[in-house]
Every structure is written in C-alpha cells, then in structure tokens.
Amino acid sequence: MNLASKLLERASASGPVRVGIIGAGKFGSMVLSQAQKIEGFHVVGVVDLSVAKARESMQRVGWPKERCSAASMGEAIRKGTTCVTDDVAALMGCEEVECIIEATGHPIAGVRHAMAAIDHGKHIVMVNVEADVLCGPLLAERARARGLVYSMAYGDQPALICELVDWVHACGFELTSAGKGMNFEPRYRYSTPDTVWSFFGWTEEEVAKGDFNPKMYNSFTDGTKAAIEMAAVANGTGLDCPDDGLAFPPAGLHDLARVFRPASDGGRLARSGLVDIAASQEPDGREVVNNIRYGVFVTFKAHNEYSRACFKQYGLLTDPSGWYASMWRPFHIIGLETSVSVLSAVLRGEATGTSKEFRGDAVATAKRDLKAGEMLDGEGGYAVWANAIPAQRSLAASALPIGLAHNVRLKRPVAQDTIVSFDDVELVNDLDVVDLRRTMERQFGKTKSEAA
C-alpha cells in the first residue's frame, strides 16, 4: 500500500483531501479520532441532527477546540478548520469537499444522503450498511455513471471481507466461503433493547461511561447486523446467502477450513460459494476456543496436489484432507481505519468493496407473534430481526427489507419467525426511498436466464 505517500504528494501539490462526515455517533467519533492525526486529511464539515452532541463527540476524541470553530464551510476551507452543523445541504453544496462519509446508520437517511452526494459530484463512503443493503447496487451504478466512487467503509467487516475475497481470486485459489466472527447463541435471536446489555456482558456502569446505543447494539446481538453485513458481502463478491439464512456454526481458527467447506466434503455448508458466520459461542453458551469474534475470514481450496502440498509446507490451517484452507484477519477497528476508504476513492478512484449485484437481502422477520395494527420498529428493536437470504427468494416472497421496517404499521398479523412482506404493511412514508428500492429490484433482480 502507498496511500500515505500518495496523500503527502497530493497535499504538497494541490492541498489536502477534503472530507465531510454525516453522523457523529460511535463510528463518526472513531473516524474523527484518527482524522486529526493524518497530515493532508481535512475534515471540512461534521453534520449531525444534534450539533451539541457532535461537539461532545469531538471533545471526547480530543479534537482541538480551535479546529472546530468555523461558522461555515467556506470559513472551514479558508482556515483549515471544521464546521459543525445540522445542515446537510451546506455540506453537499461545498464544492471543495471531495468525499462524504455517511455514518448515520439510518437506512432511509443514508440512501438520501448517498443520492445527494452523487448528485453533487462527491465520492461516498457508505458506513451505513443498512442503506447499502437496501439500495446499494443502484447507488453504486449511479455513482459509476458520474465517474464517482461508491465504497464500503474500510475497517468495517464487509469491506475487510471483500478485501480477503479479492486476495483469494488474485492468488488463483477456489473461493469456498467468506464471513466473520460474532458472539452469538440461538437465544440471542429474541433479544430486545431491554435485555441487550446482559447478553453483551457489560455492566450498567460500563454502559453509562460509553457512547452506546442499546438499539444499535441489540442489532448486533439478535443477528440482524450479521444479516445486513453478509447480504452486503454477497452483493459485493458474487457469493450467496444460504437459502434459509445464516446458520451461525460455532468455529475457532483451527476449525474454519473444516466447518466452512461443503457438506459433501464433511463441512457445514450446503455448497461452496456461501457467506456465513463463525459463532464464538456454542449453543449452550460455552466459549469457542480460539474464536474470531472480532475478525473476518475466507476459506478456499487448492486446485492441484502441488498447491495442496504448499498449504502444508507453509503452515496454513487446513481441513483434515489438506485441500481446504483458511485465511483471516483477527480484528476490525471500524472508524479508526475508514480513512483508507476515503484515500482510496480520492487518490486511486477505487472502492474498498462495493455492491455490484443484488444477490443477497436482509429481510424483516417477526421476533414474536405480531398483531395487526402494531408498529414495526426496525433494526435492533422489539418487533423484528433480519434474516439474510438469497435475493431471488426475497423477491419471490415480496419480502420487506429490514431498512424499510422502521415506523410502519402492520395490516395483518405475522407469526413469529415468519418473513414480513410488503403486503403485510402500510407504506405511507419515505416513498421516495421505496421507489428507489423498487427500481433496484426491477433493474438488478433478474435471474440469469432473464438477464440473458
């Protein structure tokens, strides 16, 4: 990699890379924590619904007060400081800003922000995987048509998985599976914001000291975030979601190649070419030895005896046959690494992972028996969890994507663990994003035979 040297060359020749951040929550704070130490990386504007909370975030990460005093984007450009505001339009309208980091986590807002960034000629780093899995292939295509980069956020797990998948292909191995580690037990599926901290193992005192959102962290616990991220990985890599959703098989480092290989060869996959999760907990709660709770992985296969022998000679962790091997990254530090995506987009014109197809979907599924008239409360809430399934199955069921399951009313009851369909709900708000989603389904939801 040579992004750091490219950045210094660019800054010397024509000034810093100029960036805007939308959303100053946990992820945005992590971006800001590192951005202040990167020479030639200028955060021109930080936009949040609460300016006061955004300033608190900047103070928390040690952002110098004198660098967040700009009254406007123009002043921030002139003085090399940062404007903190609730005005998204002002950020979009600042011509000098080259790249937007969308870190709100709100799927509807994220889609709108991405469209606005593209319309204003700016690259977009989509931290907001919720928005990406809702409309990502369409957003990416529209960005490419404008000569712009629409990118997953490096440091977050989907982008890191895409990097490993690219490594497998670039080395000429046969890709078998890809996924991430996660703390998961079957009973977590029905967690709510009221129970999440006990599942996470944090005390009330620890929670009170941090910038933690219980609904967001509940989406990690109940498997919703895993479904969203794995559907995004499928759309960015050509892999598929399992027909019935993620299985979460427990597996430690030494068992990745054994577990994430086809069942026909003794593994847990229905076939090669699937995404899934390596659970760090056994179903009974015991911790998996050498788990990769915070990491990502790929499994792959040697194409001949020579490569198989090399796997053994160079110490790869393989299955008992020696044909399947694994590669992993043991950690991800999300926003602390996201500058890599910004610099890759601006300096190289390359995405660190991007949605190319509509292969996987994250669909709303009833967390309990739901009654007609109830309101769905979206990701990490009390009513639904997300299941990652193939896009064709989602389309056949007219499944409601989890990104549209916020603040919508049920027209009829839905049984526990049943997929919620578009026909089950009243969609009266956010119809612009609903239309974009429908356009994406029509444009990218064709089967191979239909496309031919």
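Let's start with Glu 163, which is found in helix 8 (residues 157-171). This is a predicted model, and in it the C-alpha atoms of Glu 163 and Thr 352 are separated by 7.3 Å, although the two residues are 189 apart along the chain. Glu 163 itself counts as partly exposed, at 38% relative accessibility. From there, the briefing visits an enclosed helix, the nonpolar cores, a helix pair, some salt bridges and a few backbone angles.

**Helix 15, an enclosed helix**

- Helix 15 (residues 339-348) has eight of its 10 residues buried, so the rest of the structure largely encloses it.
- The buried residues of helix 15 are Ser 339, Val 340, Ser 341, Val 342, Leu 343, Ser 344, Ala 345 and Val 346.
- What do these buried residues of helix 15 pack against? Their partners are helix 1 (3-14), together with strand 1 (17-22), strand 2 (41-47), strand 4 (99-102), strand 5 (123-126) and strand 6 (150-152).
- Right after helix 15 comes Gly 349, with a positive phi near 70 degrees.

**Nonpolar cores**

- The largest nonpolar core counts 125 residues. Val 342, Leu 376, Val 384, Leu 400 and Val 420 have the most contacts inside this core.
- Helix 7 (residues 129-145) gives the most to this core, contributing nine residues.
- Val 342 links this topic to the previous one, as it is one of the buried residues of helix 15 and is also among the residues with the most contacts inside the largest core.
- Leu 400 is worth a look on screen. Setting aside neighbours within four places in sequence, Leu 400 is in contact with Val 363, Ala 364, Leu 376, Ala 405, Val 420, Ser 421, Phe 422 and Val 425. Leu 376 and Val 420 appear in that set of contacts, and both are also named among the residues with the most contacts inside the core.
- Apart from the largest core lies another core, of 10 residues, including Leu 253, Val 259, Leu 269 and Ile 292.

**Helix 6 against helix 17**

- Two packed helices are described by the angle between their axes and the distance between the axes. For helix 6 (residues 107-119) and helix 17 (residues 431-444), the angle is about 75 degrees and the axes are 10 Å apart.
- Angles of 65 to 115 degrees count as roughly perpendicular, and helix 6 and helix 17 are therefore roughly perpendicular to each other.
- On the helix 6 side, the residues that meet helix 17 are Ile 108, Val 111, Arg 112 and Met 115. On the helix 17 side, they are Asp 432, Val 433 and Leu 436.
- By class, this contact has five nonpolar and two charged residues, with no polar ones.
- An α-helix has 3.6 residues a turn, so residues three or four places apart point the same way.

**Salt bridges**

- How many salt bridges does a search of the whole structure find? The search finds 21.
- Arg 112 forms one of them with Asp 430, and their closest N and O atoms are 3.2 Å apart. Arg 112 lies in helix 6 and Asp 430 in the loop between strand 15 (425-426) and helix 17, so this pair ties together parts that are 318 residues apart in sequence.
- Both ends of this bridge are partly exposed: Arg 112 has 36% relative accessibility, and Asp 430 has 29%.
- Asp 284 and Arg 286 form a salt bridge with their closest N and O atoms 2.8 Å apart. Asp 284 is exposed, at 54% relative accessible area, and Arg 286 is exposed as well, at 52%.
- The side chains of Glu 357 and Arg 359 meet in a salt bridge at 3.1 Å, N to O. Arg 359 is buried, at 18% relative accessible area, whereas Glu 357 counts as partly exposed, at 33%.
- Through salt bridges that share partners, Asp 240, Arg 271, Glu 357 and Arg 359 are joined into one network.

**Positive phi outside glycine**

- Most residues other than glycine have a negative phi.
- Asp 417 is not a glycine, yet its phi is positive, at about 65 degrees. Asp 417 is found in the loop between strand 14 (406-410) and strand 15, and at 38% relative accessibility Asp 417 counts as partly exposed.
- Asp 430, another residue other than glycine, has a positive phi near 55 degrees. This is the Asp 430 that forms a salt bridge with Arg 112, and Asp 430 lies in the loop between strand 15 and helix 17.

Notes. Residues are numbered from 1 along each chain as its sequence is written. This is a predicted model: local features need pLDDT of at least 70, side-chain atom pairs count only at pLDDT 80 or more; totals for chains, interfaces and linings use all residues. Side-chain values use heavy atoms; hydrogens and water are left out. Axes are lines fitted to C-alpha atoms, for helices over the stretch in contact, and angles run from 0 to 180 degrees between N-to-C directions. Helices (H or I, at least four residues) and strands (E, at least two) are DSSP runs, numbered from the N terminus. Angles under 35 degrees count as roughly parallel, over 145 as roughly antiparallel, 65 to 115 as roughly perpendicular and the rest as oblique. Contact means heavy atoms within 4.5 Å. Ala, Val, Leu, Ile, Met, Phe, Trp, Tyr, Cys and Pro count as nonpolar, Asp, Glu, Lys and Arg as charged, and the others, Gly among them, as polar. A salt bridge is a side-chain nitrogen of Lys or Arg within 4 Å of a carboxyl oxygen of Asp or Glu. Buried means under 20% relative accessible area, exposed over 50%, partly exposed in between (1.4 Å probe, protein chains only). A nonpolar core is a set of buried Ala, Val, Leu, Ile, Met, Phe, Trp, Tyr and Cys residues joined through side-chain atoms within 4.5 Å.
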